[in-house]
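Hi everyone, thanks for making time today. Let me put the structure up, and then we can walk through it together.

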Amino acid sequence: MRLYDAHNHLQDSRFTAPEKIMAATDGVGVVRMVVNGACEEDWPLVRQLAEKFPQVLPSFGYHPWYLHERTAEWQKRLVAFLDSTPAAVIGEIGLDRWKPDLPYVGQEEAFVWQLQLAAERNIAASIHCLQAWGRMHELLCDTPSPARGFLLHSYGGSKEMVAPLAKLGAYFSFPGYFMHERKARQRAAFAAVPLDRLLIETDAPDQLPPDSANRFPFHDAGGKMMNHPANLRAIYEFVATERGLQLEALAAQVEENFSRLFGPAPALDSVMRRTT
Ligand SMILES: [Zn+2]
């Protein structure tokens, strides 16, 4: 079975041994993962990972949490990374009104500019949104977005907004964090996601799933428990049960969705040869 992680951050410095991480994800069948750079410092790291591991689909963007760090050349640099990195996509970008003390000013402009860039190139964009769903919907209505669609990662909006967002081209990825008992509202929203728009993600090293799904426990240097990308399979199993599907049927559907949104994987054959 071939599994696809729609969203993680393998470049995060809390991952000190990417080779070991990739050996574990190979072991559970992960053939492709979208690795999201969230600021300029991340972008070269993401590109290096993509050069080293064919499973890595490189994604470059400015996340609202780090926008205050942007240099005067950030847009030029982003375009240069996209131009010089094969198969690259855009993300993580978005809006955030949840994080305490995070300035909102400037977020919409940066988000809209990056979304338009994805639209011009018709490449996927991965979007973060916390407590800004009304405004997100308005901006998505008013801004050209990629004809192939875009990803709302860890979708936490309402059940009612799923259909209008899907109409605009949205895909929705389910993180292991939503397996926690208290995330019933988010699970109910996912029940409304059309099967052909459903993706699955770890968001590793963040969004730790419950202990039952944390099959690859690991800690950062400070001893804090982190989320391992190989937990992806446990999330697939959970979503299959939620949707009343056989695991193989869900995996086939997610593979189709992932390829439609993110493009064909040129290295897929070689990855499969390595893992079988
Ligand atoms: Zn993320």
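Glutamate 92 sits in strand E4, where helices (H or I, at least four residues) and strands (E, at least two) are DSSP runs, numbered from the N terminus. Please keep in mind that this is a predicted model, in which local features need pLDDT of at least 70 and side-chain atom pairs count only at pLDDT 80 or more, while totals for chains, interfaces and linings use all residues. Residues are numbered from 1 along each chain as its sequence is written, and side-chain values use heavy atoms, with hydrogens and water left out.

Staying with strand E4, residues 89–96, eight of its eight residues are buried. Buried here is under 20% relative accessible area, exposed is over 50%, and partly exposed is in between, with a 1.4 Å probe and protein chains only. The peptide bond leading from glycine 91 into glutamate 92 is cis, with omega near 20°.

What does glutamate 92 help to bind? Glu92 (OE) is one of the protein donors of the zinc ion, together with His7 (NE2), His9 (NE2) and Asp203 (OD), at 2.1 to 2.8 Å from the metal. Donors are N, O and S atoms within 2.8 Å of the metal (3.2 Å for Na, K and Ca), and water is not among the atoms, so sites may look incomplete. Along the chain, the donor spacing reads H-x1-H-x82-E-x110-D. Histidine 7 and histidine 9 are both buried.

For the geometry, angles among the four donor atoms run from 84 to 169°, and the site is irregular. As for the cut-offs, four donors count as tetrahedral if all angles lie between 85 and 135 degrees; four count as square planar and six as octahedral if opposite donors are over 155 degrees apart and all others between 65 and 115; anything else is irregular.

Now the sheet. Eight strands form an open sheet in the order E1-E2-E3-E4-E5-E6-E7-E8, with parallel pairing. Strand E1 (3–8) and strand E8 (198–201) are at the edges with a single partner strand each, so one side of each has no neighbour in the sheet. Two strands pair if DSSP finds at least two bridges between them. Strand E3 (residues 56–60) and E4 run parallel and are joined by two bridges, with phenylalanine 60 opposite isoleucine 90. On to strand E5 (residues 125–130): E4 pairs with this strand in the parallel sense over five bridges, and aspartate 96 stands opposite leucine 130.

Back in strand E1 we find asparagine 8, which counts as buried because its relative accessibility is 0%. Setting aside residues up to four places away in sequence, asparagine 8 touches Met33, Val34, Val35, Asn36, Thr202, Asp203, Ala204 and Pro229; contact means heavy atoms within 4.5 Å.

Let me finish with some backbone details. Most residues other than glycine have a negative phi, and most peptide bonds are trans. The bond from alanine 204 to proline 205 is cis, with omega near 10°, and proline 205 lies in the loop between E8 and strand E9 (218–219). That loop between E8 and E9 also holds glutamine 207, which has a positive phi of about 55°. Aspartate 101 has a positive phi as well, about 70°. Which of the two is buried, and which is exposed? Glutamine 207 is buried, at a relative accessible area of 17%, whereas aspartate 101 counts as exposed at 81%.
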